[in-house]
Amino acid sequence: KRYEPLRQEMRAILNAQDKIAWPSWRGGMIYNFWQDAEHVRGLWRRAALAEYRKKDPKWEIILDVDKLGRDENESWVYKGASCRAPLYTKCLLSLSRGGKDAVVVREFDAALSTFVAGGFAIPEAKHRLEWLSDDELLVGSDFGPGTLTKSGYPRTIRRWSRGAALSSAPVVFEGLESDVSVDPASFENETGRFVMIQVAKTFFETEYHRMTSDGKFRRLALPLDTEIEDWDG
């Protein structure tokens with residue numbers, strides 16, 4: 001008997017207009033992903049800091065996911081965007097059909113609020129992605145037999161250049177089938193970039209391999225229970 005009242009109460013909380021618009025600070029702007037009863041799949045939006053501080057800020061809509069789904073006749077669910085520092089306008093947008101783990105990745109221009117014609121695009125899979133430059137990515141995906149761990153996540157990482165076929169991109173790192181997943185990651189500040197591969201040996205143990213100047217990776221001598229949170233160059 002308690003179920004329906006609780007369901008309605010939780011729905012009201014999730015759809016409330018006075019909930020905090022959780023901020024992400026990118027390139028001098030506040031970004032936010034917002035869902036309510038009218039925008040079930042959500043709005044990706046931004047505002048200047050001064051505007052965000054107002055009681056009723058006016059947001060610039062970058063992407064209306066409900067409208068995108070209607071336009072493309074797909075049940076799109078927003079699964080995040082990896083945007084290139086320091087401007088954060090070149091983005092890799094992850095979209096899931098119906099909310100499943102596997103996603104489609106499409107390059108998106110946040111400055112123009114549109115998908116990039118002929119830009120980076122990866123078919124549906126459980127991807128792991130990171131920008132290396134405006135025209136290069138590190139990509140982990142399902143490339144066929146032997147490229148996934150037993151947990152179903154990427155085992156190999158490829159270095160993919162704009163304009164080249166993803167299938168021909170060279171493998172630059174390879175984990176073990178027994179690993180949970182192999183993920184590229186990076187930190188960037190005014191002094192440079194720290195690019196690495198995170199190898200999840202278990203859900204609680206991780207190896208870190210830093211990219212060297214020759215494009216290879218060297219394992220960092222850290223305990224397996226270490227978590228890298230940030231980098232100060």
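Reader: What makes C83 and C91 a disulfide?

Author: In this predicted model, the sulfur atoms of C83 and C91 lie 2.2 Å apart, and because a pair of cysteine sulfur atoms counts as a disulfide within 2.5 Å, C83 and C91 form one. The structure holds 1 disulfide.

Reader: Why is the disulfide of C83 and C91 called right-handed?

Author: The name rests on the torsion about the S-S bond of C83 and C91, which is about 105°, so the disulfide is right-handed.

Reader: How do you know whether C83 is buried or exposed, and what is the case for C91?

Author: Buried means under 20% relative accessible area. C83 has a relative accessible area of 13% and is therefore buried, while C91, at 0% relative accessibility, counts as buried too. Across the protein chain, 41% of the 233 residues count as buried.

Reader: Which residues of the largest nonpolar core touch the most other members?

Author: They are W44, L63, A81, C91, L93 and F108, in a core of 16 residues, so that C91 of the disulfide appears here again because it is buried. The elements β4 (60–64), α3 (65–72), β5, β6 (90–97) and β7 (103–109) each supply at least two residues of this core, and β5 gives the most, with 4 residues. Apart from this core lies another, of 12 residues, among them L137, V139, W160 and A169.

Reader: Which residues is L63 in contact with, leaving aside its neighbours within four places in sequence?

Author: On that count L63 is in contact with G42, L43, W44, L68, L93 and F108, and among these W44, L93 and F108 are, like L63 itself, listed with the core members that touch the most others.

Reader: What lines the largest pocket, and which residues are closest to its centre?

Author: The largest pocket holds about 400 Å³ of space. Of the 17 residues that line this pocket, S82, C83, E130, S186 and F187 are the closest to its centre, and C83 is the cysteine that pairs with C91. The strands β5 (76–83), β10 (128–133) and β14 (181–189) each supply at least two lining residues, with β14 giving the most, at 6 residues. By class, the lining has 8 nonpolar, 2 polar and 7 charged residues.

Reader: What is the volume of the second largest pocket?

Author: Its volume is about 340 Å³, and of the 18 residues that line this second pocket, Q17, W34, R45, P57 and W59 are the closest to its centre. The lining of the second largest pocket has 8 nonpolar, 2 polar and 8 charged residues.

Reader: What makes the backbone at P86 and at Y88 worth pointing out?

Author: Most residues other than glycine have a negative phi, and most peptide bonds are trans. The peptide bond from A85 to P86, however, is cis, with omega near 5°, and Y88 has a phi near 60°, a positive value in a residue other than glycine. P86 is found in the loop between β5 and β6, and the place of Y88 is in that loop as well.

Reader: Why is Y88 called partly exposed, and where is S113 found?

Author: Partly exposed covers the range between under 20% and over 50%, and with a relative accessible area of 24%, Y88 is therefore partly exposed. S113 is found in the loop between β7 and β8 (114–115), has a positive phi of about 55° although it is not a glycine, and is partly exposed because its relative accessible area is 28%.

Note on methods: Residues numbered from 1 in each chain as written. Predicted model: local features only at pLDDT ≥ 70, side-chain atom pairs only at ≥ 80, totals over all residues. Heavy atoms only, no water. Buried < 20%, exposed > 50% of the residue type's maximum accessible area, 1.4 Å probe, protein only. 1 Å grid on protein atoms, 1.4 Å probe; cavity = no way out; pocket = protein on both sides within 12 Å on 5 of 7 lines; lining within 4 Å. Points joined across faces, edges and corners; volume = space filled by probe spheres on them. Nonpolar A, V, L, I, M, F, W, Y, C, P; charged D, E, K, R; others polar. Core = buried A, V, L, I, M, F, W, Y, C linked by side-chain atoms within 4.5 Å. Contact = heavy atoms within 4.5 Å.
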